[in-house]
Amino acid sequence: MSAARRAAAAPPAAGISGAPALAARDVPGQALAARIVAWQRRHGRHDLPWQRTRDPYRIWLSEVMLQQTQVATVLPYYARFVARFPELHALAAAPLDEVLALWSGLGYYRRARLLHRCAQAVRDAHGGRFPHRAAQLAELPGIGRTTAAAIAVFAFGERAAILDGNVERVLTRALGFGADLALAPARRALWAQAEALLPQRGIRAYTQGLMDLGASVCLARRPRCEACPIAGACVAAAQGRAEDFPAKSRRLRRGQRTSGLLWLAQRDALWLVQRPAVGVWAGLWSLPDAESAAAWLARAQAWPGRGAALPVVEHALTHFDWRLEPLRWTLPARLPAAARRAIEADLPAGRWVARDDALALALPAPVRRLLGG
Ligand code: SF4
């Protein structure tokens with residue numbers, strides 16, 4: 001039998017991994033996928049700017065921006081990026097500082113640095129054209145397995161599985177997949193199930209449908225099962241325990257930190273420092289920090305001028321909650337050069353930047369808000 005004939009004769013529920021799909025309450029995988037495809041075509045999202053193209057560059061850009069970030073937040077950033085870097089070569093040739101400045105406020109800045117590196121890798125190692133297969137895409141900087149699959153699906157129509165947090169939730173609930181996803185064998189098994197469920201036809205609508213379900217129907221808390229196209233097949237819904245899925249024993253334990261931010265102003269300028277290339281807000285421009293506002297105040301009292309503590313900013317990062325205590329200190333407009341040099345020597349290395357110019361730099365979102373940008 002030829003390979004093509006063998007493929008045609010394969011059982012319809014078998015996915016590309018060869019693993020049989022778990023039946024969701026006696027509904028075979030292909031029927032489940034067909035419901036998702038039909039629902040997506042009728043009720044899913046169709047008007048997002050990156051859905052109107054098959055250009056892998058634009059799809060890649062949107063997928064990286066959408067990692068851990070909601071669509072509404074991404075929309076203006078996507079529009080600005082596409083306007084400034086309409087194609088891959090423009091992004092690859094841009095200075096990293098400019099990419100970071102455009103990314104400023106979108107968070108998870110490592111993505112921006114990897115985006116830039118990836119553009120250069122595609123230009124240098126692939127002649128400026130993205131590879132077509134998910135497996136090759138996943139070798140590029142900043143492109144994980146799900147992002148690679150999403151690009152391969154939407155740009156090239158490959159049958160490839162995605163498994164981000166939203167899709168993980170939909171699939172574990174639908175299948176009643178209760179294994180602990182903190183463990184690698186369970187994750188591998190769920191990937192195999194995700195592959196086994198892939199439809200023979202309609203891969204784009206299916207993939208978008210899973211994303212849409214996870215974002216708007218199968219919510220982490222209080223899923224809207226009454227609006228779900230696979231409710232009749234869903235194991236977790238039938239058992240009335242949707243919120244027990246996905247099972248993960250190792251929950252992230254969030255830490256707490258406090259820092260004091262010094263907003264040192266003179267005339268219309270302020271003192272900015274560039275953060276180290278690794279760590280939180282890596283490479284961004286920011287206000288100098290110390291352990292607390294009180295620590296800055298103790299130092300500032302030896303300087304001319306006056307200052308006051310500003311309202312505390314609570315900022316949530318992936319691994320910890322950060323309490324930011326800003327202190328604004330204004331130096332006199334006229335200051336002898338020697339006094340100014342003495343103050344600068346007391347500060348972390350940085351430079352004076354006019355406020356309007358500061359707002360054009362890559363600033364962390366809370367610092368930008370603090371400065372009124
Ligand atoms: S029926 Fe409810 S729990 Fe099951 S997949 Fe749909 S929204 Fe999620």
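The ligand takes up the largest cavity of this predicted model; a cavity here is a set of points on a 1 Å grid over the protein atoms alone where a 1.4 Å probe fits but cannot get out, and a molecule sits in one if more than half of its atoms lie within 2 Å of its grid points. Around the ligand, with a heavy atom within 4 Å of it, are Arg173, Val217, Cys218, Cys225, Cys228, Ile230, Ala231, Cys234, Ala237 and Ala242. By class, that shell has nine nonpolar residues, no polar ones and one charged, where Ala, Val, Leu, Ile, Met, Phe, Trp, Tyr, Cys and Pro count as nonpolar, Asp, Glu, Lys and Arg as charged, and the others, Gly among them, as polar.

As for how the model was read, local features need pLDDT of at least 70 and side-chain atom pairs count only at pLDDT 80 or more, while totals for chains, interfaces and linings use all residues. Residues are numbered from 1 along each chain as its sequence is written, and side-chain values use heavy atoms, with hydrogens and water left out.

Arg173, one of the residues around the ligand, also belongs to the buried set of helix H10. Helices (H or I, at least four residues) and strands (E, at least two) are DSSP runs numbered from the N terminus. H10 spans residues 165-175 and is mostly covered, with nine of its eleven residues buried, meaning under 20% relative accessible area (exposed is over 50%, partly exposed in between; 1.4 Å probe, protein chains only). Besides Arg173, the buried residues of H10 are Val167, Glu168, Arg169, Val170, Leu171, Thr172, Ala174 and Leu175. Their cover includes helix H11 (184-196), helix H12 (203-216) and helix H13 (235-239), with contact taken as heavy atoms within 4.5 Å. Gly176 then follows H10 with a positive phi, near 65°.

Within H12 sits Thr207, which is buried at a relative accessible area of 1%. Leaving aside neighbours within four places in sequence, Thr207 is in contact with Val153, Phe154 and Ile162.

Elsewhere, helix H7 covers residues 110-125. Its buried residues, among them Leu114, Leu115, His116 and Cys118, pack against helices H3 (56-66), H4 (71-84), H5 (88-93) and H6 (96-103). Just after H7, Gly127 takes a positive phi of about 65°.

Ala308, in strand E5 (residues 306-309), counts as partly exposed because its relative accessibility is 41%. Not counting residues up to four places away in sequence, Ala308 touches Leu327 and Arg328.

Definitions and conventions. On a 1 Å grid over the protein atoms alone, a cavity is a set of points where a 1.4 Å probe fits but cannot get out, and a pocket is an open set with protein on both sides within 12 Å along at least five of seven lines; lining residues have an atom within 4 Å of a point. The expected span of a helix is 1.5 Å times one less than its number of residues.
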